[in-house]
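Here is a short tour of a protein model, written for someone who likes to check each statement against the coordinates. Have the viewer open as you read.

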Amino acid sequence: MNRRIEWIDIAKAIGIILVVYGHVILGVHDAGLWGNTLNYKLQHSFVYTTHMPLFFFLSGIFAVKWVTRLPQKAIWQKIRTLLIPYFIWGFIQAGIMQIFSSSTNNGQGLINALQLPFLPYAQFWFLYDLFFIFIFYYILVNGLKLPFKWIFSLAILLFLVSPLLKYWELWRIFYHFIFFILGTKVLNSGKMINSINPIISLIVFVLMNLLYFFIPLPFMAKNLLSFFVALSGILLIISISRYLNSTIVMYIGQNSMVIYLMHLIFAAGTRICLLKIGIDNLTIQIILGLSIGLMGPIITLICTKYLRIDKILF
């Protein structure tokens, strides 16, 4: 495996760890185990400003080759890798949440599964929105034959107006499209990627997040600032990924989609089980929630491979 793919896998691993951690701390907060303290709010802000823009950015990297495929093959590939897992695990998670609805934080269940064709719920919005972003990008490149500068200009415009579009998933699709487009240029920017200094990136990321968190700004200005906060986080994670060489971390990154699909089932299940046996210690809840949220999906994947049903489920 070449070095470039290695750092992408590591970046995906960092991203999915942030996703699981973000949902774990949100879960214990909503369950009343962690108050609305400054510590919680800062951690929540630092995680949520970056982790999903990162995944749209990384997805853009793989769109460069994908967009050269014939329409039928291109669309089917995204149906197979995004929409089918979206519906399968959307129904599975909804069924589990329905059974344990009295113990969950938000009471989601089978009604959410029935709405999946037009309204994603929980973490599944990412797969749903990413599918439409891929299709939108394909139309711009192959249908309208737009050059990159025009696509990038459109992405900027859509980002700026995204907070005003509350219909369906438009605001999230338009907000994240610019990160996806930036990702399409990564493979041609090797020198720039190699020049990113992790120490400087960390300082910029922290300062940008503190500015975003503490400085009151008008709504649209806040949205604009969020772009630079997310971009600073993406650059930080890229810089770290270039220096971090770990087989375990790479394995997590290679299976980030599997973890993404199932982590809430295991993380929420861990929190509920611990509370049932009287363990409400915040540290224990977070450590076990994060650990099982990461390991549970991987163990499940190994079992499905043994049963030869992994190709169906994922």
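## After helix α6

Helix α6 is followed by K145, whose phi is positive, near 55 degrees. Helices here are DSSP runs of H or I with at least four residues, while strands are runs of E with at least two, and both are numbered from the N terminus. This is a predicted model, in which local features need pLDDT of at least 70 and side-chain atom pairs count only at pLDDT 80 or more, while totals for chains, interfaces and linings use all residues. Residues are numbered from 1 along each chain as its sequence is written, and side-chain values use heavy atoms, with hydrogens and water left out.

K145 lies in the loop between α6 and α7 (148-161), and K145 is not a glycine despite that positive phi. At 60% relative accessibility, K145 counts as exposed (exposed is over 50% relative accessible area, buried is under 20%, and partly exposed is in between, with a 1.4 Å probe and protein chains only). On the other side of α6, A122 sits in the loop between α5 (110-114) and α6. A122 also has a positive phi, of about 50 degrees, although it is not a glycine. With a relative accessible area of 27%, A122 is partly exposed. Most residues other than glycine have a negative phi.

## Helix α6 and its partner α8

How far does α6 reach from its first C-alpha to its last? Helix α6 covers residues 125-143, 19 residues in number, and spans 26 Å, close to the 27 Å expected at 1.5 Å a residue (the expected span is 1.5 Å times one less than the number of residues).

Helix α8 (residues 170-183) packs against α6 at an angle of about 65 degrees, and the two axes are 10 Å apart. Here axes are lines fitted to C-alpha atoms, for helices over the stretch in contact, and angles run from 0 to 180 degrees between N-to-C directions. The crossing of α6 and α8 is right-handed, meaning that the near helix is turned clockwise from the far one by less than a right angle, where anticlockwise would be left-handed. From α6, the residues that meet α8 include W125, L130, I133, F134 and Y137, and their counterparts in α8 include R172, H176, F177 and F180 (contact means heavy atoms within 4.5 Å). By class, this contact has 12 nonpolar, 1 polar and 2 charged residues; Ala, Val, Leu, Ile, Met, Phe, Trp, Tyr, Cys and Pro count as nonpolar, Asp, Glu, Lys and Arg as charged, and the others, Gly among them, as polar.

## Two more looks at α8

H176 is found in α8 and is buried, with a relative accessible area of 5%. Not counting residues up to four places away in sequence, H176 touches M52, P53, F56, W125 and I133. I178 is in α8 as well, buried at a relative accessible area of 4%. With the same sequence neighbours set aside, I178 touches F152, A155, I156, F159 and F227.

## The nonpolar core

Which residues touch the most other members of the largest nonpolar core? They are W7, F126, F177, F179 and F180, out of 85 residues in that core (a nonpolar core is a set of buried Ala, Val, Leu, Ile, Met, Phe, Trp, Tyr and Cys residues joined through side-chain atoms within 4.5 Å). Helix α1 (residues 3-30) gives the most to this core, with 13 residues.

W7 is found in α1 and is buried, with a relative accessible area of 6%. Beyond its neighbours within four places in sequence, W7 is in contact with L58, I61, V186, I193, I238, S241 and R242. W7 and G253 are 246 residues apart in sequence, yet 9.5 Å apart in space, C-alpha to C-alpha. F180, for its part, touches residues including F56, F57, A63, L130 and Y137, not counting those up to four places away in sequence.

## Around the start of α3

T50 is found in the loop between α2 (38-48) and α3 (51-66). Is T50 buried or exposed? T50 is buried, with a relative accessible area of 2%. Its contacts, leaving aside neighbours within four places in sequence, are F205, V229, A230, G233, I234 and I237.

H51 is found in α3 and counts as buried at 2% relative accessibility. H51 touches G15, L18 and V19, not counting residues up to four places away in sequence. H51 and I237 are 186 residues apart in sequence and 9.7 Å apart in space, C-alpha to C-alpha.
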